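Me: Please take a close look at the aromatic ring contacts here. Then carry on from there to the strands and the ligand site.

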Amino acid sequence: MRKVALVFVLAVIVPALVLASLALRSLRDQQFVLERQQALLYQGTADALAKEVDAYIAERQREFGLQVETLLASSTPADLAASFDNQLRHTWSMAEVGFAVSLPGSCVLAPSVYSRPEAKDFRLQNDRFLCNQEVVEVYWQNSLVPNALQKPTNSDSNAQVAQQIVIANNQEPKLDLAKDQNIKGKRAVTPQQQAYVAPQQLQQTEPSDNSKVASAPAEFRQLVGDSNEGRIARFLQDRLSLLLWYRSPRDPQLVFGAQLDLDSLKQALRALVKLDPTLQHEICAALIDDRAQPVAISNPGFHSNWKRPFVATEIGEALPHWETAIYLLDPGRLQRSAQTARFTLGLLVAVLVAAIGIGSWLIVTDLRRQLAVARQKTDFVSNVSHELKTPLTSIRMFSELLAEGRVTEPGRQRQFLQIITAETARLGRLINNVLDFARMDRGEKKYTIASCNLTEVVREVVETYRPHLENNGFQVKLDVPSQDVMVKADCDALSQVIVNLLSNAEKYSGDKKEVSVHLENGECARVHVLDRGLGVPHGCEQRIFQQFYRAHDSLGSGIQGSGLGLTLARQIARAHGGDVTYESRDGGGSCFTLTIPCQNNRSA
Ligand code: ADP
């Protein structure tokens with residue numbers, strides 16, 4: 001039994017638990033992969049939006065070059081330079097200020113300081129830079145970047161870049177970093193997810209908020225270099241200033257430039273921030289400025305902590321520290337679905353483990369029952385052998401005595417013959433019981449049902465049995481009603497039941513040798529077989545009806561038996577729609593009752 005339990009634990013429980021834990025782990029991995037895929041999808045959306053914004057700025061840059069060429073077509077470069085601010089603003093709404101710089105003299109030709117307040121502010125803020133008298137922190141994007149001004153990698157320090165400028169110029173530019181109001185190295189937002197990071201890294205590190213867009217100190221002439229056009233972004237008094245510049249082949253010594261009107265730019269960019277309809281119910285896309293404020297959002301009315309998008313992409317040097325960011329409309333949704341999946345799997349595992357547990361318990365119980373039946377069968381064989389041997393020995397002994405003529409007295413001879421008859425009957429009963437049990441076990445027992453007078457059956461069985469009982473010192477009482485009690489039954493089968501009950505009353509009588517049989521008529525016919533014997537031990541009242549079960553075993557009580565008599569009696573009674581039950585009697589002894597539905601009542 002222990003071996004079976006061990007095999008069961010090793011073969012079923014342990015693999016089941018291992019599988020359950022693997023399932024839970026794979027669920028966690030699946031969830032992680034799902035999150036990554038979602039992050040990648042949304043990151044792709046943010047990237048595409050950032051590209052569109054960058055392309056829009058590049059388009060404006062080309063547009064600016066065309067504007068300059070158009071204006072140059074109708075006037076000389078020198079004339080245009082003088083009135084560039086007015087002329088440009090007149091033809092191109094994106095310009096806030098138009099400026100012109102003469103490279104040889106390093107002087108600003110336009111706008112005029114006296115023309116309007118915006119022009120005056122522009123000159124105040126940019127003159128020193130445009131006249132190459134000041135090195136400032138800028139974010140630039142030239143079509144051709146001179147080697148000396150190769151953009152610094154993240155590892156480059158500002159000091160190294162400043163040194164490069166000094167070497168390239170062979171002069172000493174004034175490095176006025178104190179005036180660089182915004183030396184920004186940090187991103188305006190901190191995305192919750194980093195879609196391009198390997199999962200292992202992501203688990204170990206917090207999302208980085210270091211910007212990939214870096215500023216570097218530079219002077220205007222170095223930025224222009226040999227290029228024809230370019231963009232320069234810088235922060236002035238914490239406000240982004242975006243300059244586009246262009247050199248015409250007609251006069252490469254003149255640089256025409258425009259400071260973009262940020263409000264017009266924002267207005268134009270708003271049209272770009274829109275989402276694929278399939279994503280509109282899941283996320284909100286936003287263009288976030290350097291102060292982490294939304295410039296444009298795809299879902300009007302949506303509010304969030306703008307500094308904590310799900311994923312975000314920096315636009316680049318064109319709009320430094322501006323980002324396209326994606327926010328989840330329902331941030332708890334992923335977590336909730338993960339929780340539901342975890343709960344479902346947990347429940348499934350629990351149900352499986354419970355099913356395995358209950359299954360094992362049922363198997364073990366059945367195994368125990370089978371073992372008990374096997375043990376009972378062994379006992380049965382030895383009991384039956386013994387029961388066969390005892391009457392056979394008596395029969396043999398008394399028949400030998402009679403055959404040898406050693407008993408001559410007629411009274412004694414009759415007595416011996418009675419014993420032989422009784423023992424033969426006992427043998428017959430036993431063999432009948434065993435055969436009937438085998439038939440019932442195989443489901444082959446057949447009953448010949450007919451109208452049966454139970455009064456007659458009971459009287460006949462008791463009267464047949466009476467001499468044997470009285471010879472053995474029993475007091476036999478029979479109490480049957482005067483009228484017939486009719487039942488529909490197999491008469492022989494009912495006789496067998498009453499014989500078994502009478503035989504038990506005799507066997508388990510002990511010292512008080514009293515047997516009473518009482519037939520009661522009513523809704524059902526009841527045959528009570530009563531004795532004043534040993535009685536059924538407490539707790540065994542139901543088990544005595546189980547096959548092979550013996551409450552008084554042969555060794556302890558010295559009473560022989562097969563443990564089949566009551567099993568058969570009950571099976572026969574139940575096959576007739578009745579039962580055999582046990583009750584203890586006041587004053588000691590047993591009362592076994594055979595109940596059979598009456599014929600009249602049945603048909604009614
Ligand atoms: P057995 O061949 O052992 O008598 P039965 O199926 O007829 O088998 O009875 C089952 C058990 O019920 C007996 O072993 C005995 O312990 C108990 N039993 C049956 N009849 C009586 C009775 N009249 N008085 C006390 N115990 C009884």
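**Ring pairs, sheets and the ligand site**

Reply: A search of the whole structure turns up 13 aromatic pairs. Take one of them, tyrosine 139 with phenylalanine 235. Their ring centres are 6.0 Å apart. Their planes meet at 85 degrees, so the pair counts as edge-to-face. The cut-off for that class is over 60 degrees. Keep in mind that this is a predicted model.

Where do the two rings sit? Tyrosine 139 belongs to strand β3 (residues 136-142), and phenylalanine 235 to strand β5 (residues 229-236). The pair therefore ties together parts that are 96 residues apart in sequence.

Now the sheets. Strands of a sheet pair through backbone hydrogen bonds, either parallel or antiparallel. One open sheet has 4 strands in the order β9-β8-β11-β10, with antiparallel pairing. Its edges are β9 (294-297) and β10 (311-314), each paired on one side only. From one strand to the next, the twist averages 25 degrees. Inside this sheet, β8 (residues 283-288) and β11 (residues 323-328) are joined by 6 bridges in the antiparallel sense. Leucine 287 stands opposite threonine 324 of β11.

Another open sheet has 5 strands, ordered β13-β15-β16-β18-β17. Here the pairing is mixed. The edge strands are β13 (475-479) and β17 (579-584), and each pairs on one side only. Neighbouring strands of this sheet are turned by 15 degrees against each other on average, direction ignored. β13 runs parallel to β15 (residues 514-520), with 5 bridges between them. Lysine 477 has serine 516 of β15 as its bridge partner.

That brings us to the ligand. There are 19 residues around the ligand, and Tyr508, Arg550, His552, Ser562 and Leu566 come nearest. The shell divides into 8 nonpolar, 8 polar and 3 charged residues.

Which atoms make polar contacts with the ligand? A polar side-chain atom of histidine 552 lies 2.7 Å from a ligand oxygen. Leucine 566 uses its backbone: an N or O atom there is 2.8 Å from an oxygen of the ligand. The side chain of aspartate 531 places an N or O atom 3.0 Å from a ligand nitrogen. Taken alone, the ligand exposes 520 Å², and the protein buries 98% of that. Three elements each give two or more residues to the shell: α12 (491-507), α14 (565-575) and β18 (590-597). Of these, β18 is also a strand of the mixed sheet, placed between β16 and β17.

How values were computed:
Residues numbered from 1 in each chain as written. Predicted model: local features only at pLDDT ≥ 70, side-chain atom pairs only at ≥ 80, totals over all residues. Heavy atoms only, no water. Near = heavy atom within 4 Å. Polar contact = N/O pair within 3.5 Å; in protein donor to acceptor, adjacent residues only side chain to side chain. Areas by Shrake-Rupley, 256 points an atom, 1.4 Å probe, with all protein chains shown as cover. Nonpolar A, V, L, I, M, F, W, Y, C, P; charged D, E, K, R; others polar. Pairing = 2+ DSSP bridges. Axes fitted to C-alpha atoms, helices over the stretch in contact; angles between N-to-C directions. Phe/Tyr/Trp six-rings, centres within 6.5 Å; stacked < 30°, edge-to-face > 60°.
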